[in-house]
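Q: Hi, have you got a minute to go through this model with me? I have a handful of quick questions.

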Amino acid sequence: MKLKFKIDYRSIKFKTCLYFILFAGFLLIVLWFLQVLFLNNFYGVMKDEQTQRVVKDIQSNYKIQSNSKFLRSIETISNSNDMFIYIISSDGNTMYFKPSGDATSSNYYAEQIQTVNDAMLESKDRSAYLKIKSADDSKEVLAYGSLLTAKGKTPLLVYIFSPLFPISSTIQILTNQLVYVSFISLLVACLISFYLSIRITKPIRTITRSAERLADGEYGIMFKGGHYTEINHLADTLTRASIELEKSDMLQKDLIANVSHDLRTPLTMIKSYAEMIRDLSGNNPQKREQHLQVIIDEADRLNALVGDLLSISRMQSGKMVLERSDFNITHAVESIINTYKIMEVDEGYTFHFNCPVNFIVNGDEEKIKQVIANLVTNAIKFAGEDKTINISLKRRGKSVVCKVEDHGVGIKADELDHVWERYYRASSNMVRASEGSGLGLSIVKEILTLHKTDFGVSSTLGKGTTFWFELMYVKTEK
């Protein structure tokens, strides 16, 4: 069995290695060009600048220093520069040359000195600066000659020669070194690129495997990052997404189960009473009316459930747009309480509304009325034995706070944050009454979230629960 080794040319590992090696290769090519091909030019330019600087130093020192001090400064200059400096007086006496006492060097440059003298005579100038080639044209020397004169001083002839011919040996040395440097650099580049590619791709492969599990429906997966901030951030984001998907999946299952249950009950009732009308009460007007009323009530309940589901779906999808305006929230609360007045007579409920003035607030009036109605309906379900509901409006800073309070069994503190969820039933509450869709508080939350306002709930077991929300205060009317 033969194993085929296949390279993925689009993988991060391959491209990381390739780009790193190409970058290292590019740097080495640039280094070779600069150090080998252009070294002659660089060396010549540097020598030229160095020679001109030495000339200026000699000229300035000659004008301001005595002969003895001037010669000492020449000694210092010659020791710090790789140049042959030759100085003679106008009467032909040698005052200084470097290397000191080196007759071979003096004889070697005798021909070049004559060449410089000829150039000075031809140009009829006090100085000459030129390049002089050897007899076989294999070597070059930067040559400078100048006549130095100053008041009260003996005129001097200064010759400076800077050899260029050592450059070939330097290039050979650099070339040999660069061969080793290039090999070591490419080897190190390969090792580093391979190491970095593994460090980068390993956590990505781990995240990919976890993401495949998530795609297969395995929620709640914890994604592990690596050694890089971006990958850690990606892992954290995917972990949050996995947890949210798990919650969403659970909510979806609960929603389907609860909606199925709520749909099954009225449908069963409608079917049962329709069969009773057909088989038993069709000819009895009184029973027929009772059975038909049950069918109508259950149909209304189905309609309310579907309407609530559509409303909350529109809100969460962002398709619902608020129609903001300034409105009288005091009148809005009063109109809602009036719709429940019949319950004071028929069922013994008591509604207390505490608001001494008319508050004008900003918001979507119809949506806020729906919020208040849902909160009052929820309070009625769990009003307790006294069946008393307290509604109040009070100004607080730049807001008006609306509170709906009941005296029921209350909700545990660790369950308060869950009351806004669909179909949530607090353990301290009794089983939800058959009326309603179970989505009232979820709709309240979505509407108030769209208004970008604060809202909340507080409760004490055995004493009751208070729901509240704020709206932006505009003004007060008498």
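Q: Is C402 buried or exposed?
A: C402 counts as buried, at 1% relative accessibility. Buried means under 20% relative accessible area, exposed over 50%, and partly exposed in between, with a 1.4 Å probe and protein chains only. Before we go on, this is a predicted model: local features need pLDDT of at least 70, side-chain atom pairs count only at pLDDT 80 or more, and totals for chains, interfaces and linings use all residues. Residues are numbered from 1 along each chain as its sequence is written, and side-chain values use heavy atoms, with hydrogens and water left out.

Q: Thanks! How many disulfides does the structure hold?
A: Zero, where a disulfide is a pair of cysteine sulfur atoms within 2.5 Å.

Q: Why is there no bond from C402 to C355?
A: Because the closest cysteine sulfur to that of C402, in C355, is 9.2 Å away, which is too far for a bond. C355 is buried, with a relative accessible area of 16%.

Q: Switching to strands, why is β5 called largely enclosed?
A: Strand β5 covers residues 156–163, and seven of its eight residues are buried, so the rest of the structure largely encloses it. Strands here are DSSP E runs of at least two residues, helices are H or I runs of at least four, and both are numbered from the N terminus.

Q: Which strands pair with β5?
A: Strand β1 (residues 84–89) pairs with β5 in the antiparallel sense over six bridges. Strand β4 (residues 140–148) also runs antiparallel to β5, joined by eight bridges. Pairing requires that DSSP finds at least two bridges between the strands.

Q: And what stands opposite Y159?
A: Y86 does, and so does G145.

Q: Where is S399, and what does it touch?
A: S399 is in strand β10 (residues 399–406). Leaving out residues up to four places away in sequence, S399 touches K394, E470, L471 and Y473; contact means heavy atoms within 4.5 Å. S399 is buried, with a relative accessible area of 17%.

Q: Last one, the whole chain: how many helices and strands are there?
A: Twelve helices and twelve strands. Buried residues make up 36% of the 478 residues in the protein chain. Of the contacts between residues at least 6 apart in sequence, 63% join residues at least 24 apart.
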